[in-house]
Amino acid sequence: MGLMKGQSSKLNQDQLLYLEKMGIYFEREGFPRMAGRIFALLLTDPGGKLSASDIVAKMHVSRGSVSTMTRFLIERGLMEKTGSPGKREDLFRLKPDALSAMFAQRVSAVQEFRELLQTGLRMTDPKSPNSRYMAEMADFYNWMESRMPELWKEWEEKRNKKSSG
């Protein structure tokens, strides 16, 4: 897809603000801010596919930054590289299963934190003031981890009902 003849490469202030807010959200989640901006750009682009040149033109950022961040998003399962007949430049789009990849990453983070808490709990003196707090956190993350598969199943049922109805 990319930019069509006569299509503006300029983003308005609201769009730029949205990209920035998504970038800040990504940054808070431990990802590069630019990855969030590019993710947001693809989410909101009418064609759903953009070349690196399109991204550079719309966001006024360096080609190197776009290359690094598109590779980052591809490696995390959020974006994929595709082509278009007659076009020499690769196009990028969000993966149809990006939500699944994001949820799997969240489950993994919860599992890792729960394991760290349980390890720390074994190292903590049961009589220390932090022991009770750490036990409660470990219990919470254990509970959350146990609920996540059911939540995903509920979501898939709701999504399937919505798409068939």
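Partly exposed here describes a residue whose relative accessible area lies between 20% and 50%, while buried means under 20%. With that in hand, let us walk through some charged pairs in this predicted model.

Side chains of opposite charge can pair when their charged atoms come close. In this structure, the count comes to 12 salt bridges. Three of them are set out below.

| Salt bridge | Closest N to O distance |
|---|---|
| Glu-20 and Arg-37 | 2.7 Å |
| Arg-33 and Glu-27 | 2.7 Å |
| Arg-114 and Glu-145 | 2.3 Å |

Start with Glu-20 and Arg-37, which form a salt bridge. Glu-20 belongs to helix α1 (residues 13–28) and Arg-37 to helix α2 (residues 33–44), so this pair ties together parts that are 17 residues apart in sequence. Glu-20 is partly exposed at 23% relative accessibility, whereas Arg-37 is buried, with a value of 19%; the cut-off for buried is under 20%.

Next come Arg-33 and Glu-27, joined by a salt bridge of their own. Arg-33 has a relative accessible area of 26% and is partly exposed. Glu-27 is also partly exposed, at 39%.

Further along the chain, Arg-114 and Glu-145 meet through their side chains. This pair links distant parts of the chain, with Arg-114 in helix α5 (residues 98–123) and Glu-145 in helix α6 (residues 129–164), 31 residues apart. Both Arg-114 and Glu-145 are buried.

Finally, back to the earlier residues: Glu-20, Glu-27, Arg-33 and Arg-37 are joined into one network by salt bridges that share partners.

Terms used
Residues numbered from 1 in each chain as written. Predicted model: local features only at pLDDT ≥ 70, side-chain atom pairs only at ≥ 80, totals over all residues. Heavy atoms only, no water. Salt bridge = Lys/Arg side-chain N within 4 Å of Asp/Glu carboxyl O. Helix = DSSP H or I, 4+ residues; strand = E, 2+ residues; numbered from the N terminus. Buried < 20%, exposed > 50% of the residue type's maximum accessible area, 1.4 Å probe, protein only.
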